[in-house]
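Reader: I have a protein model to look at and would like to go through it step by step. Could you take my questions one at a time?

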Amino acid sequence: MARFLKKRTEELGKAPGSLVFVGEKKIEKTQIEVIQFNSEQIEVHKDPTMADLENFKSSSDISWIRVSGIHDTEVVRKIGEVFDLHILLLEDISNTDQRPKYEEFDHHLFLVLKILGERTETQEVISEQFSLVVGKEYLITFQEAHTDVFKGVRDRLLRPTTKIRHRKSDYLAYALMDAIADRYILIIERFGEQVESLEQALIANANSSHLAKLYEYKREINFLRKTIRPVRELVIGYKNSESDLIADPTISYIKDLEDHIVHATEAVETYQVMLNEQLNLYQSITNNRLNDILRVLTIFSVVFIPLTFLAGIYGMNFKYLPELNYRYAYPMFWVTLILIAALMMGYFKRKKWL
């Protein structure tokens with residue numbers, strides 16, 4: 001499955017609002033879990049029915065409705081009917097190639113961003129789409145698989161003394177996005193360590209394997225940039241919203257989240273510049289190495305030009321060459337060759353060409 005642009009063959013010719021799953025099926029069956037809580041108690045409900053969801057919608061407690069596995073568009077549609085979600089919103093949820101964004105509706109807010117992870121065997125960065133619908137007393141999240149990115153948020157929910165137990169769904173949405181942002185920074189830090197170690201390896205001994213790594217890292221940094229950069233716009237939209245669903249105390253926390261996203265974005269851009277500089281460094285080292293080789297070959301060629309000239313003269317098949325009758329002509333010839341070569345090599349060294 002392509003990471004930068006996913007195939008949309010099944011969407012061709014469909015009317016706007018048609019629910020078509022775009023992406024890779026990551027779990028066998030769609031799972032629904034509801035965490036309902038207030039400042040005093042918390043309950044976890046597994047596999048609730050649509051009638052149960054109706055009750056959660058009208059409850060005064062905060063309900064986190066967690067949907068894992070969005071390949072079943074019928075389940076997504078039914079949830080949309082229960083919570084009166086716009087059909088285009090449901091279409092964006094089903095399309096895992098959706099760009100991170102923020103939208104406001106009459107009774108809820110809609111956010112889409114990506115959860116980042118790594119393939120263990122290749123250390124390749126992968127992403128999973130995460131959608132949030134923020135309502136008055138509920139928060140619905142849609143993700144492609146059931147990941148443990150939000151374990152820390154769940155643990156805080158279990159403790160009655162934490163802020164999250166005394167706030168509304170807007171703060172819960174912030175807490176989930178903050179966990180995703182922390183994941184961004186963690187992956188960028190690991191990636192940065194690899195980029196910096198590659199720079200040291202290049203300086204020590206640049207070779208073709210380093211060039212392959214450079215292009216691999218450039219592909220990864222482009223993917224990180226595509227994934228993280230739009231999240232800043234999303235957070236700014238969430239922070240500047242005038243919706244009654246976002247309480248004033250939550251705005252301060254969203255500003256802190258914005259700082260985290262800005263830090264992640266700047267780190268990505270920094271490593272992108274570093275990779276470009278490393279590519280220039282590799283090319284400079286390679287060119288210098290080639291120039292050194294050509295310089296040595298040129299020097300040897302220049303040294304052998306007069307030697308070849310003399311050898312050519314005395315290699316001619318003329319009958320009358322005066323020097324041929326001298327007894328010491330042959331050793332004198334070699335002394336002359338060696339002297340010329342030594343003088344030229346000494347001259348090159350004095351000029352620091354060698």
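The questions below go from overall form to the interior and then to the surface.

Reader: What kind of model is this, and how many helices and strands are in the protein?

Author: This is a predicted model. The protein has 8 helices and 7 strands.

Reader: What radius of gyration does the protein have, set against a compact globule of 354 residues?

Author: The C-alpha trace spans about 120 × 45 × 35 Å along its principal axes. A compact globule of 354 residues would have a radius of gyration near 20 Å. For the protein, the value is 35 Å.

Reader: Which helix supplies the largest share of the largest nonpolar core?

Author: The largest nonpolar core has 64 residues, and Phe150 and Tyr238 touch the most other members. At least two residues each come from several elements, including strand 1 (31-37), helix 4 (151-157), helix 6 (208-239) and helix 7. The largest share, 18 residues, is supplied by helix 5.

Reader: How many residues are in the other core that lies apart from this one?

Author: The other core includes Phe56, Val75, Phe83 and Ile93. Its size is 24 residues.

Reader: Which residues does Tyr238 touch, leaving out those up to four places away in sequence?

Author: Tyr238 is one of the two residues that touch the most other members of the largest core. With residues up to four places away in sequence not counted, Tyr238 touches Tyr102, Leu109, Leu111, Val134, Asp170, Ala173, Met177, Ile246 and Ile254.

Reader: Why is helix 3 described as largely enclosed, and how many of its residues are buried?

Author: Buried means under 20% relative accessible area. In helix 3 (residues 87-94), Leu89, Leu90, Glu91, Asp92, Ile93 and Ser94 meet that cut-off. Their cover includes helix 2 (73-82), strand 4 (101-104), strand 5, strand 6 and strand 7 (138-143). Helix 3 is largely enclosed by the rest of the structure because its buried residues number 6 of 8.

Reader: Is Leu294 buried, partly exposed or exposed?

Author: Leu294 lies in helix 7 (residues 248-313). Together with Leu290, Ile293 and Leu297, Leu294 makes a nonpolar surface patch of about 370 Å². The relative accessible area of Leu294 is 42%, and the range from 20% to 50% counts as partly exposed. So Leu294 is partly exposed.

Reader: What share of the exposed area of the protein do carbon and sulfur atoms supply?

Author: Buried residues make up 44% of the 354 residues. The protein exposes about 19,800 Å². Of that area, the share supplied by carbon and sulfur atoms is 54%.

Terms used: Residues numbered from 1 in each chain as written. Predicted model: local features only at pLDDT ≥ 70, side-chain atom pairs only at ≥ 80, totals over all residues. Heavy atoms only, no water. Patch = residues over 30% accessible without salt bridge, like charges linked within 9 Å, V, L, I, M, F, W, Y side chains within 5 Å. Areas by Shrake-Rupley, 256 points an atom, 1.4 Å probe, with all protein chains shown as cover. Salt bridge = Lys/Arg side-chain N within 4 Å of Asp/Glu carboxyl O. Helix = DSSP H or I, 4+ residues; strand = E, 2+ residues; numbered from the N terminus. Buried < 20%, exposed > 50% of the residue type's maximum accessible area, 1.4 Å probe, protein only. Core = buried A, V, L, I, M, F, W, Y, C linked by side-chain atoms within 4.5 Å. Contact = heavy atoms within 4.5 Å. Rg over C-alpha atoms; globule rule 2.2 N^0.38 Å.
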